[in-house]
Amino acid sequence: MSIQGIFYVAVHVSDLARSKRFYAEKLGWGLETNEPTVAGLRFGSGYLVLLADARPSESSVGPGGMHVAVKVDDIEAEHARLKKLGVAVSDLVSQPWGERNFTFKDPDGYEWSYGA
């Protein structure tokens, strides 16, 4: 067996339509699967699966349930683009290991990081 990398990331979301708009319209990811309770979006070589979460709120995954870092070509341009679209992005940070990145949260509070 050889591991090739992440196949996809799946997240439970409280409002599927809102999350599809965020990822497709604000982040610019390509909507490839669009069904009543699931959506799939391509971002570079990655794939995100959004699952409509019909569980009671007390059993919901909740904010902070995942963290995914996405590699981008031009970190400054992507930071400026998302900020202009109204996404609450953190400041750009130069990490001690050489990465330059910033974070933001999706509509359900899941944290994402873009880095270069």
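Contact here means heavy atoms within 4.5 Å. This is a predicted model, in which local features need pLDDT of at least 70 and side-chain atom pairs count only at pLDDT 80 or more, while totals for chains, interfaces and linings use all residues. Residues are numbered from 1 along each chain as its sequence is written, and side-chain values use heavy atoms, with hydrogens and water left out.

## Overall layout

The chain holds 2 helices and 8 strands. Helices (H or I, at least four residues) and strands (E, at least two) are DSSP runs, numbered from the N terminus. Along the sequence the pattern reads β-α-β-β-β-β-α-β-β-β. Of the 116 residues in the chain, 37% are buried. Buried stands for under 20% relative accessible area, exposed for over 50%, and partly exposed for what lies in between (1.4 Å probe, protein chains only). Among contacts between residues at least 6 apart in sequence, 49% join residues at least 24 apart.

## The two sheets

Two strands pair if DSSP finds at least two bridges between them. One open sheet has 4 strands in the order β1-β4-β3-β2, and its pairing is mixed. In this sheet β1 (9-13) and β2 stand at the edges with a single partner strand each, so one side of each has no neighbour in the sheet. On average, neighbouring strands of this sheet are turned by 25° against each other, direction ignored. Axes are lines fitted to C-alpha atoms, for helices over the stretch in contact, and angles run from 0 to 180 degrees between N-to-C directions. Strands β1 and β4 run parallel and are joined by 5 bridges; A10 stands opposite V49 in β4. Helix α1 packs on this sheet, where it touches β1, β2, β3 and β4, and its direction makes about 160° with that of β4.

Another open sheet of 4 strands follows the order β5-β8-β7-β6, also with mixed pairing. Its edges are β5 (67-71) and β6 (93-94), each with a single partner strand, so one side of each is left without a neighbour in the sheet. Strands β5 and β8 run parallel, joined by 5 bridges, and H67 has E111 in β8 as its bridge partner. Helix α2 (residues 75-84) packs on the sheet and touches β7 (100-105) and β8; the direction of α2 makes about 20° with that of β7.

## Two buried residues

S19 belongs to helix α1 (residues 16-26). Its relative accessibility is 0%, so S19 counts as buried. Leaving aside residues up to four places away in sequence, S19 touches V13, L50 and D108.

W29 is found in the loop between α1 and β2. W29 counts as buried because its relative accessibility is 6%. Not counting residues up to four places away in sequence, W29 touches Y23, A24, L41, R42, F43, L48, W112 and Y114. From W29 to G40 the C-alpha to C-alpha distance is 9.6 Å, with their positions 11 residues apart in sequence.

## Aromatic pairs

The whole structure contains 10 aromatic pairs. Rings of Phe, Tyr and Trp (its six-membered ring) pair if their centres lie within 6.5 Å; planes under 30 degrees apart count as stacked, over 60 as edge-to-face and the rest as tilted. Two of the pairs are set out below.

| Pair | Distance between ring centres | Angle between planes | Class |
|---|---|---|---|
| W29 and W112 | 5.2 Å | 75° | edge-to-face |
| F102 and F104 | 6.2 Å | 35° | tilted |

W29 lies in the loop between α1 and β2 (30-34) and W112 in strand β8 (residues 111-115), so their pair ties together parts that are 83 residues apart in sequence. W29 and W112 are both buried, and F102 and F104 are both buried. Ring pairs link F22, Y23, W29, F43, F102, F104, W112 and Y114 into a cluster.

## The largest pocket

On a 1 Å grid over the protein atoms alone, a pocket is an open set of points where a 1.4 Å probe fits, with protein on both sides within 12 Å along at least five of seven lines, and lining residues have an atom within 4 Å of a point. The largest pocket holds about 320 Å³ of space. Grid points are joined across faces, edges and corners, and a volume is the space filled by probe spheres set on the points. The lining of the largest pocket has 19 residues, of which F43, S45, G46, V70 and K71 lie nearest its centre. Strands β3 (38-43), β4 (46-52) and β5 each supply at least two residues of this lining, and its largest share, 4 residues, comes from β5.
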